[in-house]
Amino acid sequence: MKLSAVILSLVLLPTTALASTTSCESDKYHQYVDASLSWYQSLVDLSIKQDESLREVGDWFLAGRKHHFELNREAVDWYLENDKAKLDLTQSVESWLQLTQQDVKKLSTQQDELGRYAKKAFDDRQSTPHKKNYELRSAFADLLTHPVNIDKPLNAYNEEMTKIAAIECN
């Protein structure tokens, strides 16, 4: 009886280690997505603070970023579990996912959760930009050329990315 318990635990050990690594990788990517969305939220908030007329385009922009990152989060989790061929885990976390526009288009036709996320992101990419998109991008450029204006959110993002980069999944 004891021998069979030992054998069973040894057989399950690689599966447990693999599940733990996959969970760690998933968590690491989720943290990257959250940090990125927070950074974009900060940029939009600062832009709107300088020019209230950018609120609508800012909301539109954030919805697109959210769709993009939700797709990536869902895709990374799916590929971690099913097919790591679309992932390059040797790269920095922001470069893990190797999806082309054609991949997203193909995924968008699936009738599952991943397909629904892909459809939102694909539709965003195919849609006409908001009429004030240029004004928002100009506001971003202005913020980014004056680092003192974005010091706090940029430092928070950089600190979060440093913490995320330090996570080792084994």
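These are my notebook entries on a predicted model, taken in the order I looked things up.

**Entry 1: overall make-up**

I began with the secondary structure. The protein has six helices and zero strands. Reading along the sequence, I wrote the pattern down as α-α-α-α-α-α. I then turned to burial: of the 170 residues, 33% are buried. For the accessible surface I noted about 10,700 Å², with 55% of that belonging to carbon and sulfur atoms. I also looked up how far apart in sequence the contacting residues are. Among contacts with a separation of 6 or more, 71% are between residues 24 or more positions apart.

**Entry 2: the largest pocket**

Which residues lie nearest the centre of the largest pocket? I found Trp60, Gly64, Arg65, Asp124 and Arg125 there, out of 15 residues in the lining. The space in this pocket is about 280 Å³. Helix H2 (55–82), helix H4 (113–126) and helix H5 (133–144) are the elements that give two or more residues to this lining. H2 has the largest share, with seven residues. Sorting the lining of the largest pocket by class, I got five nonpolar, six polar and four charged residues.

**Entry 3: the second largest pocket**

I went on to the second largest pocket, which holds about 180 Å³ of space. Its lining includes Glu25, Lys28, Leu89, Trp96, Met161 and Cys169. Helix H1 (2–50) and helix H6 (147–166) each supply at least two of the lining residues. The largest share here is three residues, and it comes from H6. By class, I noted seven nonpolar, two polar and three charged residues in the lining of the second largest pocket.

**Entry 4: aromatic pairs**

How many aromatic pairs does the count come to? I noted eight. I looked at two of them.

The first was tyrosine 40 with phenylalanine 61. Their ring centres are 5.7 Å apart and the planes stand at 65°, so I put the pair down as edge-to-face; the cut-off for that class is over 60 degrees. Tyrosine 40 is in helix H1 and phenylalanine 61 is in helix H2, 21 residues apart, so the pair links distant parts of the chain. Phenylalanine 61 has 6% relative accessibility and counts as buried, because the limit is under 20%.

The second was tryptophan 78 with tyrosine 79. Here the ring centres are 4.9 Å apart and the planes are at 85°, so this pair is edge-to-face as well. Is each partner buried or partly exposed? Tryptophan 78 is partly exposed, with a relative accessible area of 36%, whereas tyrosine 79 is buried at 7%.

I also noted one aromatic cluster, formed by Tyr29, Tyr32, Tyr40, Phe61, Phe69, Trp96 and Phe140. Tyr40 and Phe61 from the first pair are among its members.

**Entry 5: asparagine 133**

Last, I looked up a single residue. Where is asparagine 133? I found asparagine 133 in helix H5. Its relative accessible area is 16%, so asparagine 133 is buried. Leaving out residues up to four places away in sequence, asparagine 133 touches Val57 and Trp60. Trp60 had already come up in Entry 2, as one of the residues nearest the centre of the largest pocket. I also checked asparagine 133 against leucine 54: they are 79 residues apart in sequence, and their C-alpha atoms are 9.0 Å apart in space.

How values were computed:
Residues are numbered from 1 along each chain as its sequence is written. This is a predicted model: local features need pLDDT of at least 70, side-chain atom pairs count only at pLDDT 80 or more; totals for chains, interfaces and linings use all residues. Side-chain values use heavy atoms; hydrogens and water are left out. On a 1 Å grid over the protein atoms alone, a cavity is a set of points where a 1.4 Å probe fits but cannot get out, and a pocket is an open set with protein on both sides within 12 Å along at least five of seven lines; lining residues have an atom within 4 Å of a point. Grid points are joined across faces, edges and corners, and a volume is the space filled by probe spheres set on the points. Helices (H or I, at least four residues) and strands (E, at least two) are DSSP runs, numbered from the N terminus. Ala, Val, Leu, Ile, Met, Phe, Trp, Tyr, Cys and Pro count as nonpolar, Asp, Glu, Lys and Arg as charged, and the others, Gly among them, as polar. Buried means under 20% relative accessible area, exposed over 50%, partly exposed in between (1.4 Å probe, protein chains only). Contact means heavy atoms within 4.5 Å. Accessible areas come from the Shrake-Rupley method with a 1.4 Å probe; for residues, only the protein chains shown count as cover. Rings of Phe, Tyr and Trp (its six-membered ring) pair if their centres lie within 6.5 Å; planes under 30 degrees apart count as stacked, over 60 as edge-to-face and the rest as tilted.
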